[in-house]
Amino acid sequence: MTKAADVFKLKNRNNVEVTFIGRGGQITSINVPDSKGSIADVVVGYETIEEALAGDGYFGALCGRYANRVVKGQFEIDGEKYQLECNNDQNHLHGGSDGFNNRIWEVEAYDTNKFAQAYKLSLTSKDGDQKYPGELKVEVIYGLTEENEFVIEYIANTTKATIINLTSHAYFNLKGAGTGTVEGQNLQLNASKFTPISAEIGTVTGEIAEVKDTAMDFVEPKTVGEACAADCPQVKIVDGIDHNFVIDGYDGMLRLAARMSDPESGREMEVYTDQPGIQVYTGSHFDGSETGKLGAPIVKWAGLALETQIFPDSPNKEHFPNAVLRPEETYKHTCVYKFII
Ligand code: GAL
């Protein structure tokens, strides 16, 4: 039986090393060399596992059953109404206060020649867990390739019709966690549309808007700082970016969603997914009161979460992608974080 503080490591020939723990499958570090071989840990978090277990439980964690928000915690399937916990003001967030980030996943080595090293993480969520219908069996593969790709593959099955949206919540800082903010790092998104939010609703309005002529336009690369400093109502609501972007050309196949780069270290990362959306979050709620890696305070905009997903509140929006999983179906999701060295 895996324990909360059990530590697992994936390593490849190029000295890329991913570390995670049993609780939440939480990624606690990703060491990546730059072009000169100088290694930095590129995920925001704490110095020790003890601090990780006591600290922000979303750092690097697997989120579910429904990552992101469900408005008022309500949804309906086949005429049956469900009420989830509202753990984020008036909305449901990341599967509730005892979401998958808080669970101890069963971890075992996963043998396949696809990866330099891999692990399988499994979880069974009981019928009614956090008030979701159906028993949900989830398997997540964490695999590291010799091509410096950290691959996350999700598979899930349910015994009753339910909703699902699984994601991974690492905050990336390619200069290195603890070296300051990501304001000077570049972001490019394969997204000409995004889903605007409203302060009253606390998440998406249902609108799908063009990014053109807004701070959300990352079609060409620009710095995160430029977007965060923009005089734009959408930025003001969340003091940065906390938005879902609609991936261009979505067809259920793996495609480029995002590219992030740090001009100082030269480190670069590409994100690929077969999901329709990606939540970009600048960590605007970090206030420097917690000490993280390198003994530095975890400050506002210290990292960028790039969470591949179905859209927020999809269960209540007819025109958003389907988030319902039925017993005869299998939920599948792949996300690749590729480090260009
Ligand atoms: C993100 C979400 C943020 C915040 C964070 C958890 O996925 O977009 O608004 O809730 O998770 O701290």
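Is Asp313 buried or exposed? Let me start there and then work through the rest of this predicted model.

1. **Asp313 and its contacts.** Asp313 is buried, and its relative accessible area is 1%. You will find this residue in the loop between E27 and strand E28 (324-325). Two polar contacts of its side chain are worth a look: one reaches the side chain of Asn316 at 2.7 Å, and another, of 2.4 Å, joins the side chains of Asp313 and Lys317. Since the cut-off for "buried" is under 20% relative accessible area, the 1% of Asp313 falls within that class.

2. **Strand E27.** The loop just discussed follows on naturally to E27 itself. Strand E27 spans residues 304-309, and 6 of its 6 residues are buried. In a regular strand the side chains alternate between the two faces of the sheet. In E27 both faces are covered: Leu304, Leu306 and Thr308 are buried on one side, and Ala305, Glu307 and Gln309 are buried on the other.

3. **Partners of E27.** On one flank, E16 pairs with E27 in the antiparallel sense over 2 bridges, and Phe172 has Leu304 as its bridge partner in E27. Strand E26 (residues 277-281) is also antiparallel to E27, and 5 bridges join the two. Within that pairing, Gln279 has Glu307 as its bridge partner. Please keep these two residues in mind for the ligand site.

4. **The sheet around E27.** These strands belong to an open sheet of 6 strands, ordered E16-E27-E26-E23-E18-E21 and paired antiparallel. Strand E16 (171-172) and strand E21 (209-210) form the edges, each pairing on one side only. Further along the order, strand E18 (residues 193-195) and strand E23 (residues 242-246) run antiparallel with 3 bridges between them. Phe194 stands opposite Phe245 of E23 in this pair.

5. **Ala191, beside E18.** Ala191 sits in the loop between strand E17 (186-189) and E18. Ala191 is buried, with a relative accessible area of 1%. Its C-alpha atom is separated by 13 Å from that of Gln275, a residue 84 positions away along the chain.

6. **The ligand site.** Which residues surround the ligand? They are Tyr58, Arg69, Leu93, His94, His169, Tyr171, Asp242, Gln279, Tyr281, His285 and Glu307. Sorted by class, this shell holds 4 nonpolar, 4 polar and 3 charged residues. Here the bridge partners from point 3 return, as Gln279 and Glu307 are both in the list.

7. **Polar approaches to the ligand.** Three side chains can be checked here. An N or O atom in the side chain of Glu307 is 2.7 Å from an oxygen atom of the ligand. For the side chain of Arg69, the corresponding distance from an N or O atom to a ligand oxygen is 2.9 Å. A polar side-chain atom of Gln279 lies 3.2 Å from an oxygen atom of the ligand. As for cover, the ligand taken alone exposes 310 Å², and the protein buries 92% of that area.

8. **Strand E13 and its neighbours.** Elsewhere, strand E13 (residues 149-158) is mostly covered, with 8 of its 10 residues buried. Strand E12 (residues 136-144) pairs with E13 in the antiparallel sense over 9 bridges, and Val138 stands opposite Ala156 of E13. The hairpin of E12 and E13 has 4 residues between the strands, and Asn148 there takes a positive phi near 65°. E13 also pairs antiparallel with strand E29 (residues 331-340), over 8 bridges. Val151 stands opposite Val336 of E29 in that pairing.

9. **The sheet of E1 to E4.** Finally, 4 strands form an open antiparallel sheet in the order E1-E2-E3-E4. Strand E1 (7-11) and strand E4 (39-41) are at the edges with a single partner strand each, so one side of each has no neighbour in the sheet. The twist from one strand to the next averages 15°. Strand E3 (residues 27-33) is antiparallel to E4, with 3 bridges between them, and Pro33 has Ile39 as its bridge partner in E4.

Terms used: Residues are numbered from 1 along each chain as its sequence is written. This is a predicted model: local features need pLDDT of at least 70, side-chain atom pairs count only at pLDDT 80 or more; totals for chains, interfaces and linings use all residues. Side-chain values use heavy atoms; hydrogens and water are left out. Two strands pair if DSSP finds at least two bridges between them. Axes are lines fitted to C-alpha atoms, for helices over the stretch in contact, and angles run from 0 to 180 degrees between N-to-C directions. A residue is near a molecule or strand if one of its heavy atoms lies within 4 Å of it. A polar contact is a pair of N or O atoms within 3.5 Å; within protein, one must be able to donate a hydrogen and the other to accept it, and residues adjacent in sequence count only if both atoms are side-chain atoms. Accessible areas come from the Shrake-Rupley method with a 1.4 Å probe; for residues, only the protein chains shown count as cover. Ala, Val, Leu, Ile, Met, Phe, Trp, Tyr, Cys and Pro count as nonpolar, Asp, Glu, Lys and Arg as charged, and the others, Gly among them, as polar. Buried means under 20% relative accessible area, exposed over 50%, partly exposed in between (1.4 Å probe, protein chains only).
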